[in-house]
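Trainee: I would like to learn how to read a protein–DNA model. Can we go through it feature by feature?

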2 protein chains.
Amino acid sequence: MNKVNKKEDTTIQEILLDEKDYAILHLLQQNARTTVKEIADKIHLSTTPVHERIKRMEASGVIKQYATIVDNTKVKKGLMVICYVSLKQHSKNAGVKFIKVINELNEIIECYSISGEFDFMLKVMCEDMNAYYDFHVNKLSSIENIGHVQSVFVMGVIKQTHQLVYG
Amino acid sequence: MNKVNKKEDTTIQEILLDEKDYAILHLLQQNARTTVKEIADKIHLSTTPVHERIKRMEASGVIKQYATIVDNTKVKKGLMVICYVSLKQHSKNAGVKFIKVINELNEIIECYSISGEFDFMLKVMCEDMNAYYDFHVNKLSSIENIGHVQSVFVMGVIKQTHQLVYG
DNA sequence: ACTGAAATCTCCATTGT
DNA sequence: ACAATGGAGATTTCAGT
């Protein structure tokens, strides 16, 4: 018997989504509060399978979060700055310490490890230029092991979506 | 009579949020499906005012969207590329045409007008390097009026949140 | 796996303070 | 402007196919 090919033996579950799952995701990405019934009607299924598919995608981590998107300009967080950072040292320990501080700073809403001359790219949101100056001087630049920092200011938002189109 | 200072005369509504509104936003940002009752319990209010405050924030545009956040690595959209673009011409008409195309390309999930040597920064999500190459050559570079394009590849996601911390 | 219906819980308008 | 109440509608579970 070929045990390897039996599904029951795989410990790590493969997540395979079909077209109905993608259709559900498409609707939920537009509005996380879309009701199960509404989704069921639109994709021509009853509520039970829709409900089960959503629960499965939540459990498998395909659905990470139901988030509320706030208009930053209306809550005194209207200034977006893209911030490039390089470290002086690149040891594993230095990197871990840097990441710890990044996660503690609330102004930083995104941080990526990137290719090129800089090590990280940060997306920073704050009230205005004064607040950014304070962040830059007192928070970012005072992190130990910080090398160069370069700020690119966002003047306008052209497009911003979470909608991934599949297929 | 000093009409200017009368609130009734202002056509554009000032959105003033108090601490309870921020507390509601804080909970909703973590989970857009948090029930009104649950929020009411946590901030020590009944459901009626919580419901009214949420509706008010929806109507005033403070709450832009209830979005479902999908794990891109699990839906074959695991490659993130930050893409810098400069235009050849900077006339208003040329800009408008560019923005139109940007909105039509599903791989581009964010686009900002930025300071510095480039005109725009794009966040692009696709399946793999082959898909990105196709996007770059056949979609992005074939837009008329495109000048320089520079790609920065995201190697790792350190932090990614929608949670803005107020105050 | 999907359907249909029943049970539980949430929303939301009304009423009263 | 907030609390309490009850009908409408949603989620979720369970039987059946």
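Trainee: How far does a polar side-chain atom of A:Arg53 lie from a phosphate oxygen of DNA strand C?

Mentor: The distance is 3.0 Å. Keep in mind that this is a predicted model. Two backbone contacts belong beside the one from A:Arg53. A polar backbone atom of A:Ser46 is 2.6 Å from a phosphate oxygen of DNA strand C, and a backbone N or O atom of B:Val36 lies 3.2 Å from a phosphate oxygen of that strand.

Trainee: Which elements give two or more residues to the surface near DNA strand C?

Mentor: They are helix 3 of chain A and helix 2 (36-42) of chain B. Helix 3 of chain A gives the largest share, three residues. The residues around DNA strand C include A:Leu45, A:Thr48 and A:Pro49 from chain A, and B:Thr35, B:Lys37 and B:His51 from chain B. By class, this surface divides into three nonpolar, four polar and two charged residues.

Trainee: What share of the DNA strand C atoms within 4 Å of the protein belongs to sugar or phosphate?

Mentor: The share is 75%, and the rest belong to bases.

Trainee: Which residues surround DNA strand D?

Mentor: Both chains contribute: among them are A:Thr35, A:Val36, A:Lys37 and A:His51, along with B:Leu45, B:Ser46, B:Thr48 and B:Arg53. Of the atoms of DNA strand D that come within 4 Å of the protein, sugar and phosphate account for 73%. Two backbone contacts go to phosphate oxygens of DNA strand D: a backbone N or O atom of A:Val36 lies 2.9 Å from one, and a backbone N or O atom of A:Lys37 lies 3.3 Å from one.

Trainee: What does a polar side-chain atom of B:Thr48 lie 2.9 Å from?

Mentor: Its partner is a base nitrogen of DNA strand D. As for elements, helix 2 (36-42) and helix 3 (47-59) of chain A, with helix 3 (47-59) of chain B, each supply at least two residues of the surface near DNA strand D. Helix 3 of chain A has the largest share there, four residues. The classes are three nonpolar, six polar and three charged.

Trainee: Now the protein contact. How much area is buried between chain B and chain A?

Mentor: The size of an interface is often given as the accessible area lost when the parts come together. Here that area is about 6000 Å², with 57% of it from carbon and sulfur atoms. The contact takes 62 residues from chain B and 62 residues from chain A.

Trainee: How many salt bridges and polar contacts are there between the chains?

Mentor: There are two salt bridges between chain B and chain A, and 50 residue pairs in polar contact, both residues at pLDDT 80 or more. In one of the salt bridges, B:Glu110 pairs with A:Lys123, with the closest N and O atoms 2.6 Å apart. Strand 5 of chain B gives nine residues, the largest share of the side of chain B that touches chain A. By class, that side has 36 nonpolar, 18 polar and eight charged residues.

Trainee: Which strand of chain A is joined to strand 5 of chain B?

Mentor: Strand 3 (residues 108-114) of chain A runs antiparallel to strand 5 of chain B, and five bridges join them. A:Glu110 stands opposite B:Gln160 in strand 5 of chain B. Five bridges also join strand 5 of chain A to strand 3 of chain B, again antiparallel. There A:Val154 stands opposite B:Ile114.

Notes. Residues numbered from 1 in each chain as written. Chains lettered and ligands numbered in written order. Predicted model: local features only at pLDDT ≥ 70, side-chain atom pairs only at ≥ 80, totals over all residues. Heavy atoms only, no water. Contact = heavy atoms within 4.5 Å. Buried area = accessible area lost by both parts, 1.4 Å probe. Salt bridge = Lys/Arg side-chain N within 4 Å of Asp/Glu carboxyl O. Polar contact = N/O pair within 3.5 Å; in protein donor to acceptor, adjacent residues only side chain to side chain. Nonpolar A, V, L, I, M, F, W, Y, C, P; charged D, E, K, R; others polar. Pairing = 2+ DSSP bridges. Near = heavy atom within 4 Å.
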